[in-house]
Amino acid sequence: MFEKIQKELAEYFEMDPSTITRNTTFDGDLKADSLALMELMFSLESETGKTLDDDVMDTVKTVGDLCDLLEKA
């Protein structure tokens, strides 16, 4: 799951995937705004077939948090 999310983020933010770790924060490290987070959520839902609540990004702060959430869903 991490590799999938890492790849999505690297493509979206046009950065080297190796710079994205489980500890990478969405707001601080990636400077992701709410539009970027919504697009990421829709993309991940399409790829994984899992549905995420609209408010999920209010509780998810790091890439690792998102991976854990998707693995439990």
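## Thr62 and its surroundings

In this predicted model, the side chain of Thr62 reaches over to the backbone nitrogen of Asp65, at 3.0 Å. To find Thr62, look in the loop between helix 3 (56–59) and helix 4 (63–72).

Is Thr62 buried or exposed? Its relative accessibility is 17%, so Thr62 counts as buried, because the cut-off for that label is under 20%. What does Thr62 touch, once you set aside its neighbours within four places in sequence? The answer is a run of residues from another part of the chain: Arg22, Asn23, Thr24, Thr25 and Phe26 are all in contact with Thr62.

## Helix 2 and its two sides

Now have a go at a quick length check on helix 2. With 15 residues at 1.5 Å a residue, helix 2 should span 21 Å. The C-alpha atoms at its ends are 21 Å apart, so the expected span and the model agree. If you tried 15 times 1.5 and got something else, that is because the expected span uses one less than the number of residues.

Which residues of helix 2 are buried? They are Ala36, Leu37, Leu40, Met41, Leu44 and Glu45. These residues cover an arc of only 165° around the axis, which means they sit on the same side of helix 2. Over on the other side, Leu35 and Ser46 are exposed. And what do the buried residues pack against? Their partners are helix 1, helix 3 and helix 4. Just after helix 2 comes Gly49, which has a positive phi, near 75°.

## Two residues with positive phi

Here is a bit of background on backbone angles. Most residues other than glycine have a negative phi. With that in mind, take a look at Glu14, which is not a glycine but has a positive phi near 50°. Glu14 lies in the loop between helix 1 (2–13) and helix 2 (34–48). Its relative accessible area is 74%, so Glu14 is exposed.

Lys31 is another case: it isn't a glycine either, yet its phi is positive, at about 55°. Where does Lys31 lie? You'll find it in the loop between helix 1 and helix 2. Lys31 has 65% relative accessibility, so it counts as exposed, because the cut-off for that label is over 50%.

## Asp16 in the loop

Asp16 is also found in the loop between helix 1 and helix 2. Its side chain reaches the backbone nitrogen of Ser18 at 3.0 Å. With a relative accessible area of 44%, Asp16 is partly exposed.

How far is Asp16 from Leu37? Along the chain they are 21 residues apart, and in space their C-alpha atoms are separated by 19 Å. Leu37, remember, is one of the buried residues in helix 2.

## An aromatic pair

How many aromatic pairs does the model have? The count comes to 1. That pair is formed by Tyr12 and Phe13, with 5.0 Å from centre to centre and 75° between the planes of the rings. The pair is edge-to-face, because angles over 60 degrees get that label.

Both partners have some surface showing. Tyr12 has a relative accessible area of 39%, so Tyr12 is partly exposed. Phe13 has 24% relative accessibility, so Phe13 counts as partly exposed too.

Definitions and conventions: Residues numbered from 1 in each chain as written. Predicted model: local features only at pLDDT ≥ 70, side-chain atom pairs only at ≥ 80, totals over all residues. Heavy atoms only, no water. Helix = DSSP H or I, 4+ residues; strand = E, 2+ residues; numbered from the N terminus. Buried < 20%, exposed > 50% of the residue type's maximum accessible area, 1.4 Å probe, protein only. Polar contact = N/O pair within 3.5 Å; in protein donor to acceptor, adjacent residues only side chain to side chain. Contact = heavy atoms within 4.5 Å. Phe/Tyr/Trp six-rings, centres within 6.5 Å; stacked < 30°, edge-to-face > 60°. Arc of directions from axis to C-beta.
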